[in-house]
Amino acid sequence: MTNMIADEAVAKSRVLSVFDFDGTLTHHDSFIPFLRFAFGKRYFAGRLVRMALPTLHCVRRKLTRDELKEVLVKTFLTGVDEHWLRKQAELFCEKYWNKLMRPAGVMAVAAEVNSGAEVTICSASPALVLQPWADKLGIKLIGTQLEVVDGKLTGRITGHNCRCAQKVARLERVYGDLNDYHLRAWGDTRGDHELLAAAQDPHWRHFHPPRARRHSPIK
């Protein structure tokens with residue numbers, strides 16, 4: 001009887017279904033592989049050397065994950081043409097869709113869309129890079145915003161890295177009071193805890209066993 005009442009309540013409310021991207025819908029992080037794809041292995045390797053010390057500082061907790069993300073963005077994307085990067089994002093999605101996406105994740109998104117729910121990705125990865133993936137899934141996107149001035153990336157993040165409490169804050173900025181929705185959420189790392197805690201229907205590590213996960217230090 002209780003389950004029937006709960007099901008009726010969900011049916012009468014608006015459903016907001018929110019998916020983390022990296023490690024939840026995908027097999028692993030997408031941003032680092034994207035940078036390698038976009039800039040080429042030699043350029044990527046040269047720039048990655050500059051990340052060694054900041055990454056060590058993050059491991060030793062002298063630098064936060066958000067600060068490390070800012071260093072990564074500054075190192076690779078300062079002065080990059082926005083249009084070029086968007087084109088690279090489209091090519092990356094086209095080439096690596098089948099290799100990167102979890103079939104179970106794609107099916108889960110489709111099921112939420114077909115149910116009539118409002119569906120969005122909410123990710124710490126740059127929205128500019130993830131837009132082709134959201135478009136192909138046919139859903140909305142909330143992600144970390146990169147600052148663009150006169151068509152060029154400045155190497156800075158606009159606002160905050162979209163992880164932890166910022167995921168909930170960004171959702172509220174777009175959708176308003178989350179209490180007005182029946183919130184379903186899917187996530188796989190510490191950066192998703194607040195999102196999952198806010199959901200009436202949380203799915204933690206839903207598509208894969210914990211030991212199969214690969215962490216990114218910047219997620």
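Biologist: Which residues does Trp133 touch, not counting residues up to four places away in sequence?

Modeller: Trp133 touches Phe21, Phe92, Cys93, Tyr96, Trp97, Leu100 and Met101. Keep in mind that this is a predicted model.

Biologist: How do I read contacts like these? Which residues of the largest nonpolar core touch the most other members?

Modeller: Start with the general idea. In soluble globular proteins, nonpolar side chains tend to be buried together. Now the case here. The largest nonpolar core has 44 residues. Leu25, Phe34, Leu35, Leu77, Ile121, Trp133 and Leu137 touch the most other members. Helix α8, residues 127–137, gives the most to this core, with 7 residues. Apart from it lies another core, of 15 residues. Among its members are Tyr175, Leu178, Leu196 and Ala199.

Biologist: Let me step back to the whole chain. How many helices and strands does the secondary structure come to?

Modeller: There are 10 helices and 6 strands. The chain has 219 residues, and buried ones make up 48% of them. Look at the contacts too. Take those with a separation of 6 or more. Residues 24 or more positions apart account for 67% of them.

Biologist: Now a helix. Which residues of α5 are buried?

Modeller: First, the general point. An α-helix has 3.6 residues a turn, so residues three or four places apart point the same way. In α5, the buried residues are Leu68, Lys69, Leu72, Val73, Thr75, Phe76 and Leu77. Seen down the axis of α5, they fall within an arc of 165°, so they line one face of the helix. Leu77 also appears among the residues with the most partners in the largest core.

Biologist: How many residues has α5, and what does it reach from its first C-alpha to its last?

Modeller: Helix α5 covers residues 65–77, which is 13 residues. Its reach is 18 Å, close to the 18 Å expected at 1.5 Å a residue. After α5 comes Gly79, with a positive phi near 80°.

Biologist: What should I make of a phi that is positive in a residue that is not a glycine, such as Arg61?

Modeller: The background is simple. Most residues other than glycine have a negative phi, and most peptide bonds are trans. Arg61 is not a glycine, yet its phi is positive, about 65°. Arg61 is found in the loop between α4 (52–59) and α5. Asp150 is another such case, with a positive phi of about 55°. Asp150 is found in the loop between β3 and β4 (152–158).

Biologist: Is Arg61 buried or exposed? And Asp150, buried or exposed?

Modeller: Use the cut-off: exposed means over 50% relative accessible area. Arg61 has 78%, so it is exposed. Asp150 has 76%, so it is exposed as well.

Biologist: What about Glu147? Where is its place?

Modeller: Glu147 lies in strand β3, residues 140–149. Its relative accessible area is 24%, which makes Glu147 partly exposed. Leave aside its neighbours within four places in sequence. Glu147 is then in contact with Lys152, Leu153, Thr154, Arg156 and Thr158. Sequence distance and space can also be read side by side. Glu147 and Thr78 are 69 residues apart in sequence and 9.8 Å apart in space, C-alpha to C-alpha.

Biologist: On to the strands. How many residues of β5 are buried?

Modeller: Check both sides of a strand in turn. On one side of β5 sit Tyr181, Leu183, Ala185 and Gly187. On the other sit His182, Arg184 and Trp186. All of these are buried, and both faces are covered. That is 7 of the 7 residues in 181–187, so β5 is largely enclosed by the rest of the structure.

Biologist: Which strands are joined to β5 by bridges?

Modeller: Strand β1, residues 14–19, is joined to β5 by 6 bridges, and the two run parallel. In that pair, Arg14 has Tyr181 as its bridge partner, and Val18 has Ala185. β6, residues 201–204, is joined to β5 by 4 bridges, also running parallel. There, Trp186 stands opposite His203. With helix α10, residues 193–198, β5 and β6 make a right-handed β-α-β unit.

Biologist: And β1 itself: how many of its residues are buried?

Modeller: The count is 5 of its 6 residues, so β1 is mostly covered. β1 also pairs with strand β2, residues 118–126, in the parallel sense over 4 bridges. In β2, the bridge partner of Phe19 is Ile121. You met Ile121 earlier, among the residues of the largest core that touch the most other members.

Terms used: Residues are numbered from 1 along each chain as its sequence is written. This is a predicted model: local features need pLDDT of at least 70, side-chain atom pairs count only at pLDDT 80 or more; totals for chains, interfaces and linings use all residues. Side-chain values use heavy atoms; hydrogens and water are left out. The expected span of a helix is 1.5 Å times one less than its number of residues. Buried means under 20% relative accessible area, exposed over 50%, partly exposed in between (1.4 Å probe, protein chains only). The arc is that of the directions from the helix axis to the C-beta atoms. Two strands pair if DSSP finds at least two bridges between them. A crossover is right-handed if, with the strands pointing away from the viewer, the path from the first strand over the helix to the second runs clockwise. A nonpolar core is a set of buried Ala, Val, Leu, Ile, Met, Phe, Trp, Tyr and Cys residues joined through side-chain atoms within 4.5 Å. Contact means heavy atoms within 4.5 Å.
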